[in-house]
Each structure stands twice: as structure tokens, then as C-alpha cells.
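Good morning, everyone, and thank you for making time for this short talk. Please have the sequence and the structure open in front of you while I speak.

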Amino acid sequence: MLLCIFSCSSHSEVILLEYDGKFPDESVRNIEIIRSEEGELAFTLYAPVMNKYYGDEPYTDFPEGITVTSYTNGDKQSTLTADYAIDHERADRMEAHGNVIIVDLVKEESILTEKIIWDKRSKRIFSDVEVTQIKADGTVNKGDGFESDEKFTKYVIENPRGEILVEEL
């Protein structure tokens, strides 16, 4: 009987995942979340790791990055990739940080920045840090931020500056 106790206890290991000194309440690897609205595919979110933290200020983070794809009428509209994301559940706000790239697949335009915020209540995406816009024709513009609808179909660059292509008259 003593042999069994030692044998069984040697196989009982608890592995705690730690991210930046914190231990998540739940952790999932290679997760894909699909969201639909009125029976239509609206968004997909893929992340290598998703951690949930409970408590007074519950949040979910994606410490190894995310890829979000938005859809309109079943067609891919845009993609967003980032190195890190955090969903502040009570605030209805999600932030993405580090190498944030948003691509409008229809217009073939891109926005590159280091931080964006998605306000779920107002259904808008915005940034208050420098952005780079790359248009379909190759022109590059800079700005001090931007604001967009949540599917990135309409957006405005704050204080734009950069190249403007003008056809000869």
C-alpha cells in the first residue's frame, strides 16, 4: 500500500501558467471565437492563448496576440492583428497593443499603429497614437490617430499628413 501512495503522488503534478507574474483563473490555447449577428457571421477571433482573470475588475487577455476578421454579408471585410490584446469586461472595451495592423480587404487599405481601442458600447474603433495609412495605390499617410466603425468600413485619420497623388491636368 505504501508503494502505491508514493507511486500515485509522483504522478500528481499541478502546472500553473504564469503570465507577467499573474496566474489566470482560466487559460485556453488555440482558441477561435465566432460571433454572429442576426444569423450572419460578424467576427471571428483567433488567439494562440486566452487568459481569463476574475475579481473586482475581471478581464481577458491574449498575451501571444490575436487575429480578428470581420465579415459583411458573409464576405471578409477586414482583419486586425496585434501582438497583445486585453478585454476589459466591465468597461465594454477591448484594447490591442504592439504591431497593430488593420487591413480593409475591400478597399485594399491598411492602418498600422501601436495601439487601438474598440468601444463595444459605441461600436467604434479608435486610436490616439500615431498611425500610418497605406492606400491601395501605394500612397502613405501619417496621422495622430484615427476613428472608425467597428467593421473598419468608414474611418477618419486625425491630423493627416503625407503623400497626395494628383493626376496631371
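Let me begin with a term that we shall need: a residue is called buried when its relative accessible area is under 20%, exposed when that area is over 50%, and partly exposed in between. E147, for example, has a relative accessible area of 36%, so this residue counts as partly exposed. Please keep in mind throughout that what you are looking at is a predicted model.

I would like to start with strand β3, which covers residues 59–62. Both of its faces are covered, with Y59 and D61 buried on one side, and T60 and F62 buried on the other. This strand pairs with strand β2, residues 40–53, in the antiparallel sense and over 3 bridges, and within that pairing T60 is the bridge partner of K52. The hairpin made by β2 and β3 has 5 residues between the strands, and G55 takes a positive phi there, near 130°. Strand β3 is also joined to strand β6, residues 84–88, by 4 bridges, and these two strands again run antiparallel. In that second pairing, Y59 stands opposite H88.

Let us turn to the aromatic rings, of which the structure holds 2 pairs. In one of these, the rings of F43 and W118 have their centres 5.8 Å apart and their planes at 45°, and because this angle is neither under 30 degrees nor over 60, the pair is described as tilted. This pair links distant parts of the chain, since F43 belongs to strand β2 and W118 to strand β8, residues 109–119, and 75 residues separate them. F43 is buried, with a relative accessible area of 9%, and W118 is buried too, at 17%. The other pair is formed by Y53 and Y59, and it is stacked, with 4.6 Å from centre to centre and 20° between the planes. Y53 has a relative accessibility of 6% and therefore counts as buried, while Y59, which we have already met in β3, is buried with a relative accessible area of 15%. Before we leave the rings, please look once more at W118, because K120 lies over its face, at 5.5 Å from the ring centre.

What about the charged side chains, and how many salt bridges does the structure hold? There are 10 of them, and I shall take you through a few. K52, the partner of T60 in the strand pairing, meets E89 through its side chain in a salt bridge of 3.1 Å, N to O. These two residues come from distant parts of the chain, with E89 in the loop between β6 and β7 and K52 in strand β2, 37 residues apart. E89 counts as partly exposed, at 31% relative accessibility.

A further salt bridge joins E95 and R93, whose closest N and O atoms are 2.9 Å apart. Here E95 counts as buried, at 13%, whereas R93 is partly exposed, with a relative accessible area of 28%.

Finally, we come back to E147, whose side chain meets that of R124 in a salt bridge of 3.2 Å, N to O. R124 lies in strand β9, residues 124–127, and E147 in strand β12, residues 145–149, so this pair also links distant parts of the chain, 23 residues apart. R124 counts as partly exposed at 27% relative accessibility. Elsewhere, salt bridges that share partners join E130, D144 and R161 into one network.

How values were computed
Residues are numbered from 1 along each chain as its sequence is written. This is a predicted model: local features need pLDDT of at least 70, side-chain atom pairs count only at pLDDT 80 or more; totals for chains, interfaces and linings use all residues. Side-chain values use heavy atoms; hydrogens and water are left out. Buried means under 20% relative accessible area, exposed over 50%, partly exposed in between (1.4 Å probe, protein chains only). Two strands pair if DSSP finds at least two bridges between them. Rings of Phe, Tyr and Trp (its six-membered ring) pair if their centres lie within 6.5 Å; planes under 30 degrees apart count as stacked, over 60 as edge-to-face and the rest as tilted. A charge sits over a ring if NZ of Lys or CZ of Arg is within 6 Å of the ring centre and within 35 degrees of the ring normal. A salt bridge is a side-chain nitrogen of Lys or Arg within 4 Å of a carboxyl oxygen of Asp or Glu.
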